[in-house]
Amino acid sequence: MDFSALNKKQGDSFAEQKRLLQQLSKGKTVLCKRCQGVISLQLAEPGYARARCAKGCTDLLLQLG
């Protein structure tokens, strides 16, 4: 079985998420690709942050530290 296409897709997704987080950390306004809503970065619970649009199309949970 050839996993190269799956690996490329996952790598591209990781790179896209990394760019999104870098832009948010710089204070830039980032829009969700699906709903065009603003993605906000919030502290979710101790040790975690969440990057999310209002509708939940984009929802990334980040472990801090």
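1. A word on terms before we start: two strands pair if DSSP finds at least two bridges between them. Helices (H or I, at least four residues) and strands (E, at least two) are DSSP runs, numbered from the N terminus. With that in hand, here is a hairpin to look at: E1 and E2 form one with 6 residues between them, and Gln-36 in its turn has a positive phi of about 65 degrees.

2. Please keep in mind that this is a predicted model, in which local features need pLDDT of at least 70 and side-chain atom pairs count only at pLDDT 80 or more, while totals for chains, interfaces and linings use all residues. Residues are numbered from 1 along each chain as its sequence is written, and side-chain values use heavy atoms, with hydrogens and water left out.

3. Now the overall plan. The chain has 1 helix and 4 strands, and from the N terminus on its elements run α-β-β-β-β. Its C-alpha atoms fill a box of roughly 40 × 30 × 20 Å, taken along the principal axes. Of the 65 residues, 17% count as buried, where buried means under 20% relative accessible area, exposed over 50% and partly exposed in between (1.4 Å probe, protein chains only).

4. The strands make an open sheet of 4 in the order E1-E2-E3-E4, with antiparallel pairing. E1 and strand E4 (59–63) stand at the edges, each with a single partner strand, so one side of each is left without a neighbour in the sheet.

5. Let us walk across the sheet. E1 is joined to E2 by 2 bridges, and Val-30 has Ile-39 as its bridge partner in E2. Next, 6 bridges join strand E2 (residues 38–45) to E3 in an antiparallel run; here Ile-39 has Cys-53 as its partner in E3, and Leu-43 stands opposite Ala-49. Finally, E3 and E4 pair in the antiparallel sense over 5 bridges. In that pairing, Arg-50 stands opposite Leu-61, and Asp-59 is the bridge partner of Arg-52.

6. The other two hairpins are worth a look at their turns. E2 and E3 have 2 residues between them, and Gly-47 in the turn has a positive phi of about 90 degrees. E3 and E4 have 5 residues between them, with Gly-56 in the turn also at a positive phi of about 90 degrees.

7. Which side chains of E3 are buried, and which are not? They alternate: Ala-49, Ala-51 and Cys-53 point to one face and are buried, while Tyr-48, Arg-50 and Arg-52 point to the other and are not.

8. On to the interior. A nonpolar core is a set of buried Ala, Val, Leu, Ile, Met, Phe, Trp, Tyr and Cys residues joined through side-chain atoms within 4.5 Å. The largest one here has 8 residues: Leu-20, Leu-24, Val-30, Cys-32, Ile-39, Ala-51, Cys-53 and Leu-60. H1 and strand E3 (48–53) each supply at least two residues of this core. Leu-60 is in contact (heavy atoms within 4.5 Å) with Gln-17, Leu-20, Leu-21, Ala-49, Arg-50 and Ala-51, leaving aside neighbours within four places in sequence.

9. Do pause at Thr-58, which lies in the loop between E3 and E4. Thr-58 counts as buried because its relative accessibility is 16%. Beyond residues up to four places away in sequence, Thr-58 touches Cys-32, Ile-39, Ala-51, Arg-52 and Cys-53.

10. Last, the largest pocket. A pocket is an open set of points on a 1 Å grid over the protein atoms alone, where a 1.4 Å probe fits, with protein on both sides within 12 Å along at least five of seven lines; lining residues have an atom within 4 Å of a point. About 300 Å³ of space lies in the largest pocket, a volume being the space filled by probe spheres set on the points. Of the 15 residues that line this pocket, the closest to its centre are Glu-16, Leu-20, Lys-33, Ile-39 and Thr-58. Helix H1 (4–25) and strand E1 (30–31) each supply at least two lining residues, and the largest share, 6 residues, comes from H1. The lining divides into 7 nonpolar, 4 polar and 4 charged residues; Ala, Val, Leu, Ile, Met, Phe, Trp, Tyr, Cys and Pro count as nonpolar, Asp, Glu, Lys and Arg as charged, and the others, Gly among them, as polar.
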